[in-house]
Structures are given as C-alpha cells and as structure tokens.
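Work through the exercises below with the structure open beside you. Try each task before reading its solution.

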Amino acid sequence: KRRGVVAQPWIVVPTHLIEQFGREVKQWYPAAEVLVGNKGMSAQDRRMFVAQTATSNWDMVIVPGSVFELINVSEDRRTDYLQAQIDQLGEELSSGRDSMNPTTIKKIETAKKRMDDRLQKLVDKDRKDDGVTFEQTGCDYLFIDEAHEYKNKARTCAIDTLAHTGSQKAEDLSMKLDLLRERVQDQARAL
C-alpha cells in the first residue's frame, strides 16, 4: 500500500482469530487506517461492511473467513465461470474422443453433467447476499491466512487418484482471484 502497488488489500483470516488479528494489526501499524470485520455479521452488517470498504480509502481490510465466503461475485460472473468450465470439458471431450478410453469419456461426461447441474442451480437460486458482490468491495489484493482451507479446486482426470470433485470454498476463491487478475490485466493494458 505504501509503495502504491495496491490500493486496498484484504486479509482473510479464520473467523475465530479476527479479534486477535485486528488488535495485533493495530499494534503493529498504529497510524494505518484499518477496517476489521466482525464474526457473526448479519446480511445487513455485511452490506454495511462492503459499503465501508468501497467508499473509504483503507490501508488494510481484515475480513473473517465466514464473511468472505458469503460475499459472492456477481451472478453473471459466476454463470460465465461455470459456462467456461463446461465449454472446456466439451472441447476436451470432442478433441480427444478418438484417443480416449470409454472410462475417461464417461468421467468427462459425468463432470460436464455435474457442472451443468451447478449452472442450472445457480440460475434458479443460490443467492447468499442479494445486492452485495465482491466487485463492489474495492478489494484489489488478497492475503489468505490458512489458505489450505481453500485448496480443493475441482479437476477432472482419467486417473482416479488425481480427479477431485472440488469444494465450493475453493471455487469461490478461484472466481474472486480471476476477477482480481482481470482487473490487473485491464489496468496494464490501459497504460
């Protein structure tokens, strides 16, 4: 922040450590403008929190992990993300159908069907916080404490031990990181 590399870094910490982390950051950086979220925030509190992050120039925002998970990216972005994964599986299936064994083809088709179901579920509902999106927060850099909790991103593979259905937390973080990467790439192109 001091060097101008980032405008508003977020530090996502486990919910049970939020108060301790907030106290220690204020001890380490007494002159810094720090916004610390609370554990157990209601939907209205999260909306207020996002409004505070978006409208002020914070040196650092400390977010409980449970709150971070409830701040979704926009519905359009989630739909595009899932559709891109479905398209990728379709391309993989069509390009390698001749050289793949039937088991691999079946696994890819199953993964594609699972993604289609998730996309349909997303279109039907799956709203955590209406009106609160990650795009609106002002965050441009993420530090994730205890990042191993987000490690199980979905992957399809012919080898059973390498294939993984994935976790929602990992997929959510991946969408948010994709958004931040796109913003940085757009800024670089504008220069």
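**Exercise 1: the sheet**

Task: Find which residue of strand 3 is the bridge partner of Trp10, then build up the sheet around this pair.

Solution. The model is predicted.
- Step 1. Trp10 has Val61 in strand 3 as its bridge partner.
- Step 2. Now take the strands themselves. Strand 1 covers residues 9–13 and strand 3 covers residues 60–64. They pair in the parallel sense, over four bridges.
- Step 3. Place them in the whole sheet. The sheet is open, has four strands and runs in the order 2-3-1-4, with parallel pairing.
- Step 4. Locate the edges. Strand 2 (34–36) and strand 4 (141–144) each pair on one side only.
- Step 5. Add the twist. On average, neighbouring strands are turned by 20 degrees against each other, direction ignored.
- Step 6. Add a helix. Helix 1 (residues 18–28) packs on the sheet and touches strand 1, strand 2 and strand 3. Its direction makes about 165 degrees with that of strand 3.

**Exercise 2: helix 6**

Task: Check the span of helix 6, then decide whether Asp172 is buried or exposed.

Solution.
- Step 1. Helix 6 (residues 168–190) has 23 residues. At 1.5 Å a residue, helix 6 should span 33 Å.
- Step 2. Compare with the model. The end C-alpha atoms of helix 6 are 33 Å apart, which agrees.
- Step 3. Asp172 lies in helix 6. Its relative accessibility is 5%. Buried means under 20%, so Asp172 counts as buried.
- Step 4. Look for company. The buried residues of helix 6 also include Leu173, Leu179 and Leu180.
- Step 5. List contacts. Leaving out residues up to four places away in sequence, Asp172 touches Phe68, Glu69 and Asn72.

How values were computed:
Residues numbered from 1 in each chain as written. Predicted model: local features only at pLDDT ≥ 70, side-chain atom pairs only at ≥ 80, totals over all residues. Heavy atoms only, no water. Pairing = 2+ DSSP bridges. Helix = DSSP H or I, 4+ residues; strand = E, 2+ residues; numbered from the N terminus. Axes fitted to C-alpha atoms, helices over the stretch in contact; angles between N-to-C directions. Contact = heavy atoms within 4.5 Å. Expected span 1.5 Å × (residues − 1). Buried < 20%, exposed > 50% of the residue type's maximum accessible area, 1.4 Å probe, protein only.
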